[in-house]
Every structure is written in structure tokens, then in C-alpha cells.
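Visitor: I have a structure to go through. Could we start with the surface and then turn to the aromatic rings?

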Amino acid sequence: MSIEVPSDRGRVFRPRSRVGHYARLLTPTALAVARLPLDRNLPMRVDRIRQVARAARRPNRDRMRGLIATPGGSVRWRPVPSPVLPGPNGALVRPIAVATCDVDRAMMLGRTIFPLPLHLGHECAAEVMEIGENVTSVRVGDRVVVPFQISCGQCSACRRGHPASCLSVPPASMYGFGISGGLWGGALADLMAVPFADAMLVPLPDGVDPAAAAGVADNVSDAYRQVAPHLPGLLAADPDAETLIVGRLDADDPLTSSTLLFTALIARALGAKHISIVDGRPALRQHAEALGFLAPDPHRPRDWPVAPITVDATGTPAGLRQVLRHTAPDGICTCVWSLHRRASVPLAALYVRNITLHVGRAHVRSVIPDVLDLVATGRLQPELVTTNVASFDDAPAALREHCYGDALKTVLTA
């Protein structure tokens, strides 16, 4: 099945200039968010940056190509240091399919809090090229999903199923986020270093296309955790229970919106029958309707359903309050992607109506096996959300098209 979505070429997302990008990084909100990962283990983060800097200065180190975004909207292949095997517990992998994340367009345009330049790419499927002597779960030649968050699998946070809070690496350690993510490199490269292969790498099931599975490394798994923990119990009590997913209410928001569609597809795979996606962007609404979902008018909240399970992806305090008003008594609202320093919420109303509000990042590695099971059994088809596929060689041109149009998900293949 393929979905054809008309593109609104009248709307163009413009990159911030170098001055505008760096000025944005000095705003109170950006500075407040940038400080959050520094609240814990600052010396560990400093040591990590020093290690990367020392390794990059080695005169005889091999080079490879990496796709680098710089201020002003430039994206191009550049020579970067090749990674080496990161110890006996690590692996080197070759990305074979890399998907854009919903934040990538805004990041490439310099319209986020993540400083440029940075090495792009954090959603990928890859081939294992080399493993350390202690690695037992994968072999050279295996195809794997590489979660975007770095985790050891052994610390107390990882053992509780919270790999995004791994204590063995600096907080918020991630591929593809530059210095904000700890300088772990990006997936748009010839090689990636995986420091904890047994803990991180998940074998790709037979028959699953790497291009379809690349997004499982982040967006698809993020979508899964928004509804999967709650839907089975809700549907057992009421098979006709509504699911409400609310994205950006501004038509000009530069973030893409593939995760909203993944969330809806997963809800349907888990048995939900009545799924509404509210978003201010015409291309997203058209895609949602083409997939068979309801797409209520974002400017008429009176028409939105009241649902026992809701997702707030509006990114604004006002949007969160609106979604909470549409969360049914005893319902669950998951708030994602909100980086505001503070927001007022109607606590008394939430208390009286017994609403659970969950705010936080996804622990991607913990849910990847369940997501891949949905894909392998045909219940979930992530490729229905893909709007563009191109080769690594054509990546700069493909990502320019992704940035300046209405693309939802671009997948690049080696």
C-alpha cells in the first residue's frame, strides 16, 4: 500500500542564519534546557568531550564520510574521523538504512536548541562489521536496529528498563545530536561505534526491510510507548474506546509529524477502532485521512472526542491544557516533546477527574523487541508513513527536499 499526499509548495521553511542560530541558543529557554543534562555527572560529560577531541587529533586516524549540518541550512558529506572498535563490549556497524526523525528538519534549519554544526542521523538499521571479544548476542554480518540512546544494560537504571537514563554514560547520550548528545557521532556515515553491543543492538527479524525498520530506533518506538502500555486494558473494558492524538496546532511548525501517524498505526494494530489525529498541517491531515484515521479540525476543539487515552504532542502549555480537557475521567495523557521551562496545568481538575499525566522521554531500547514483533508479523507497516526514499549518495539533495517541503519521513539507504 502506498499513500500519495499532495505537497503544499506555497509554504517554505527557511533556515536560520549563523547569527540567528547562535542567538537563539542564548535565549533563556534554550539555556535552561541546555543545562538540564549537566545536573548530573558533569565531570563524565567533560571527560567524554575530551576523549573525542583527543581521538580526533590523532594524525594517522582513518577518515570516512559523515553528513554534517551547518548553520544556514547547509547539509553535505564531509570527511570525519572513522570510529574504532570501542573496547571488548562494543561493535562497529555499517548503517544500511537511516530515517529522518521528526526533529531533524528543524535541526537542519538551525531552528532548535541543538548547536550546529553536528553529525546527522540517529534512526538506523545497520550491518555488524566488527565485534569485541565479550560480545555474544550478535555476529559479524547480522542486521540490527541501533537504538539512538546510548545505554550499558548493566546499571540500576538499565536493569529497571530505563536505558534513556543510563548511569554509565553522560545524561542524554544520543547519536545524531552533536555536543548536546555527547558527541557519539551520527548514523549518516560509513561506520558507527556502539559501545555496549549486547545491551543495545537488536537483531532485525527475517523478512523485515531495513528501510521499514530504521525508524524503530526512535520515532516508531516513541510512538509505541505513548499508547501500548495503556490500550490493552482500556480496550478490554471498552472495545470502542477513543484514542486522541494531538500534534502541532500551528501550520508553520518546522518539526515533522511522522510519530503521530506511527502512534495511530500502533493503536490500530493493538485493536483500537476509533482514532483521531488533530494537527494544524494540511499534509499531515491528508495523510492521516488516507490511512483511514479521523482528522478533526484543529481550530474547532469542541469537535474533538473526549478519550480515555490521549497524546499531547502540541509542544505548548496551552496545547497541553486543551488535550487535558479532552482526556476522559480516569484517563491517561502522555505529553511528549515539550521543552518549555514551566507550564500551568489544572491540577484540581486532574485530581477530581483522576487523570494520569505522564511527561518524559522514551526508553527506546526497552520496547524495540515488541515493536519489531508488530512489524515482523505484519500488524504494523512503518513504510506507510515514508514519503521519500533515496540513496546515501543522494542524501544532501534528498534532505534539502525534506527540509523545504511537506515530507513526513525520508529514508536513506546505503
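Visitor: Is L38 buried or exposed?
Guide: L38 is partly exposed, because its relative accessible area is 36%, and partly exposed lies between buried (under 20%) and exposed (over 50%), with a 1.4 Å probe and protein chains only. The model is predicted: local features need pLDDT of at least 70, side-chain atom pairs count only at pLDDT 80 or more, and totals for chains, interfaces and linings use all residues. Residues are numbered from 1 along each chain as its sequence is written, and side-chain values use heavy atoms, with hydrogens and water left out.

Visitor: Where does L38 lie?
Guide: L38 is in the loop between α2 (28–35) and α3 (42–56); helices (H or I, at least four residues) and strands (E, at least two) are DSSP runs numbered from the N terminus.

Visitor: Changing topic, how many aromatic pairs are there?
Guide: There are three aromatic pairs, meaning rings of Phe, Tyr and Trp (its six-membered ring) with centres within 6.5 Å; planes under 30 degrees apart are stacked, over 60 edge-to-face, and the rest tilted. One of them is the tilted pair of W77 and F392, at 6.1 Å centre to centre and 40° between the planes.

Visitor: Which parts of the chain does that pair link?
Guide: W77 belongs to strand β2 (residues 74–81), and F392 to the loop between β14 (388–391) and α15 (395–403), 315 residues apart. W77 is partly exposed at 21% relative accessible area, whereas F392 is buried at 3%.

Visitor: What lies over the face of W77?
Guide: R65 does, at 4.4 Å from the ring centre; the criterion is NZ of Lys or CZ of Arg within 6 Å of the ring centre and within 35 degrees of the ring normal.
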